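I am opening a notebook on this structure, and I will write down what I looked up in the order in which I looked.

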Amino acid sequence: MINQAKLESFLGRAIADLSAGYGGVMVSLGSKLGLYKAMAGVGPISARELAVRAGCAERYVREWLNAQVAGGYVEYHALSETYELSPEQAMVLADEDSPVFLPHAWEVPASMWFDEDKAIEAFRTGKGVAWGDHDGRLYCGVAAFYRNAYRGSLVSEWLPALDGIVDKLDAGITVADVGCGHGHSSILMAQAFPRSQFHGFDVHPASIDEARRNAAEAGVVERVAFDAARASDYPGRNYGLICFFDCLHDMGDPLAAARHAAEVLAPDGTPNTGPAICRRIDNAMVKAVARAFRWREMLVGIEIRRAQL
Ligand SMILES: C[S@@+](CC[C@H](N)C(=O)[O-])C[C@H]1O[C@@H](n2cnc3c(N)ncnc32)[C@H](O)[C@@H]1O
């Protein structure tokens, strides 16, 4: 027997999710076309003015703005027929250096849609899809999204939370950043602790190439090296700190990674499996983040696991 109230409540929920899927494309377009940036800090602006500022066609900009208003991403002033991005909205949508800048995160679900056929095959066969076989938006999106969190908290909050590690880094130790991706965490630590040496390892060669480019751009190549290697057998010993940022759960054999870390960690060294990123967000947000992560784990983690075993 169908309970009409439950049906309507669940349908409303599912339609809201569908609407968010459309909204993600709009956020990505707004970010890539510079529309949010063109609105940030300028107060109420007409569709025509915004189109001129961003170098876009007014007709498209007007529709985009109306979709943004419907989604609560932009305010609308009916009397003046103008649109406004509040400082809070700008922090999330326009400021690339803000720790809560979100548009890059949409690259990750975009990559999952692109790789859907590979996921269907993986479900049917039980085989995997390696990290590097996914659409490039997956690792670019992940790296760009986490970079801002690292910029905001890694040196100022997360490292000081580990007993005595800041003093050791100041004095000079060797650090392994395992599963380093595009290398942002290693680079930030190298900038903050010039006496220490940093070695980033990742199984994905294209990410290592990107990490090397990022290190060269940041001017830290003398203190940061990046190499393609697995978490279970990267070279070196006596690391004073071994970091796993958002990656232990992505590994085919996390136990082997932990075992290797135990072997190559200095006797007084520190393992760091990453911060408790949910500490400051409320329950509704935790649920939303958990949901996104479960999907990512399922479509990415398990696939990698199987591919690398
Ligand atoms: C979600 S990304 C995180 C990257 C980076 N730490 C960051 O926070 O931006 C997970 C990374 O783990 C890497 N990875 C997965 N399995 C690995 C393994 N067995 N050994 C080394 N790296 C691995 C992937 O290639 C990918 O770059």
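**Around the ligand**

I began with the ligand and noted that the model is a predicted one. Of the elements, α8 gives the most to the shell around the ligand, contributing three residues. I then listed the nearest neighbours: the shell has 21 residues, and those that come nearest are G179, G181, H204, A231 and C247. Two elements give two or more residues to this shell, namely α8 (137–158) and α13 (283–308). Sorting the shell around the ligand by class, I found 11 nonpolar, six polar and four charged residues.

**The sheet**

Next I traced the strands, and found an open sheet of five with parallel pairing, in the order β5-β4-β3-β6-β7. I noted that β5 and β7 stand at the edges with a single partner strand each, so one side of each has no neighbour in the sheet. From one strand to the next, the twist averages 20°. As a reminder to myself, strands of a sheet pair through backbone hydrogen bonds, and the pairing is either parallel or antiparallel.

**Strand β6 and its partners**

I stayed with β6 and asked how many of the six residues of this strand (residues 239–244) are buried. The count is six of the six, so β6 is largely enclosed by the rest of the structure. On one hand β6 pairs with strand β3 (residues 174–178) in the parallel sense over four bridges, and here V178 has F244 of β6 as its bridge partner. On the other hand β6 pairs with strand β7 (residues 265–272), also in the parallel sense and over four bridges. In β7, P271 is the bridge partner of I242, and N272 is that of C243. Following the chain from β6 to β7, I passed through helix α12 (residues 254–264), and this β-α-β crossover is right-handed.

**Strands β4 and β5**

I then turned to strand β4 (residues 197–202) and strand β5 (residues 224–228), which pair in the parallel sense over five bridges. One bridge that I looked up joins F198 to its partner V224 in β5. With helix α11 (residues 205–218), β4 and β5 make a right-handed β-α-β unit.

**Helix α6**

Last, I asked which residues of helix α6 (residues 107–114) are buried. They are E107, V108, S111 and M112. These residues cover an arc of only 140° around the axis, which puts them on the same side of α6. I set beside this the general rule that an α-helix has 3.6 residues a turn, so residues three or four places apart point the same way.

Notes
Residues numbered from 1 in each chain as written. Predicted model: local features only at pLDDT ≥ 70, side-chain atom pairs only at ≥ 80, totals over all residues. Near = placed C-beta within 6 Å. Nonpolar A, V, L, I, M, F, W, Y, C, P; charged D, E, K, R; others polar. Buried ≥ 20, exposed ≤ 12 C-beta atoms within 10 Å, placed from the backbone. Pairing = 2+ DSSP bridges. Right-handed = clockwise from strand over helix to strand, strands pointing away. Arc of directions from axis to C-beta. Axes fitted to C-alpha atoms, helices over the stretch in contact; angles between N-to-C directions.
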